[in-house]
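Biologist: I should like to learn how the features of a model are read. Could we proceed one feature at a time?

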Amino acid sequence: FIYGVGGKGIIALLTNDQVVITESAQYSFWVIIIPLAGFAAFLWDGILIGATRTRYMLYSMLIASAAFFLCYFIFYPRWLNHALWFAFLVYLFLRGAMQWLFWKLRVEKKAG
């Protein structure tokens, strides 16, 4: 919410270059989505560290990193810098999803 409402104001705190402020406006919607896509990844980081299951973090980051580069190289020719933002969102979302999946498989394995 804060990024959506105060985006230009936040950028203005970081720089007084009007070109940078103007150019950043075309990427503001990506910045708003990042916390939504990354929430699960950061939450699961904490859970997995606390449970001493950091290997799940490693596996999820390997899968998400591969997806990041795949998305970036596929979409860059048409989307340019927007491809970088999209690939980063895929990376964050996939990290959270994979960490949840690994945890779920672990719990089901223990229960079964």
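Biologist: How buried or exposed is Phe75?

Modeller: Phe75 has a relative accessible area of 28% and is therefore partly exposed. Buried means under 20%, exposed over 50%, and partly exposed in between, with a 1.4 Å probe and protein chains only. Phe86, at 23% relative accessibility, also counts as partly exposed. This is a predicted model in which local features need pLDDT of at least 70 and side-chain atom pairs pLDDT 80 or more, while totals for chains, interfaces and linings use all residues. Residues are numbered from 1 along each chain as its sequence is written, and side-chain values use heavy atoms, leaving out hydrogens and water.

Biologist: How many aromatic pairs are there?

Modeller: A pair of aromatic rings is described by the distance of the centres and the angle of the planes. Rings of Phe, Tyr and Trp (its six-membered ring) pair if their centres lie within 6.5 Å; planes under 30 degrees apart are stacked, over 60 edge-to-face, and the rest tilted. The count here comes to 15 aromatic pairs. In one of them, Tyr27 and Trp85, the centres are 6.2 Å apart and the planes stand at 15°, so this pair is stacked. Tyr27 belongs to the loop between H2 and H3 and Trp85 to helix H5 (residues 81-111), so the pair ties together parts 58 residues apart in sequence. Tyr27 itself is buried, its relative accessible area being 18%.

Biologist: How are the rings of Phe75 and Phe86 arranged?

Modeller: Their centres are 5.3 Å apart and their planes at 85°, so the pair is edge-to-face. Because Phe75 lies in helix H4 (residues 54-79) and Phe86 in helix H5, the pair ties together parts 11 residues apart in sequence. Helices (H or I, at least four residues) and strands (E, at least two) are DSSP runs numbered from the N terminus. Ring pairs also join Phe75 and Phe86 with Phe29, Trp30 and Trp79 in a cluster.

Biologist: Which residues form the largest nonpolar core?

Modeller: In soluble globular proteins, nonpolar side chains tend to be buried together. A nonpolar core is a set of buried Ala, Val, Leu, Ile, Met, Phe, Trp, Tyr and Cys residues joined through side-chain atoms within 4.5 Å. The largest one has 11 residues: Tyr27, Trp30, Ile34, Ala37, Ala64, Phe68, Cys71, Ala87, Leu89, Tyr91 and Leu92. At least two residues of this core come from each of H3, H4 and H5. H5 supplies the largest share, four residues.

Biologist: Where does Gly96 lie, and is Gly96 buried or exposed?

Modeller: Gly96 lies in helix H5 and is buried, with a relative accessible area of 3%. Its C-alpha atom is separated by 7.1 Å from that of Gly38, although the two residues are 58 residues apart along the chain.

Biologist: What is the case for Phe39?

Modeller: Phe39, a residue of helix H3, counts as exposed at 54% relative accessibility. Phe39 and Leu84 are 45 residues apart in sequence, and their C-alpha atoms are 19 Å apart in space.

Biologist: Where does a charged end sit over the ring of Trp103?

Modeller: The rule requires NZ of Lys or CZ of Arg within 6 Å of the ring centre and within 35 degrees of the ring normal. Here the charged end of Arg106 sits over the Trp103 ring, 4.9 Å from its centre.
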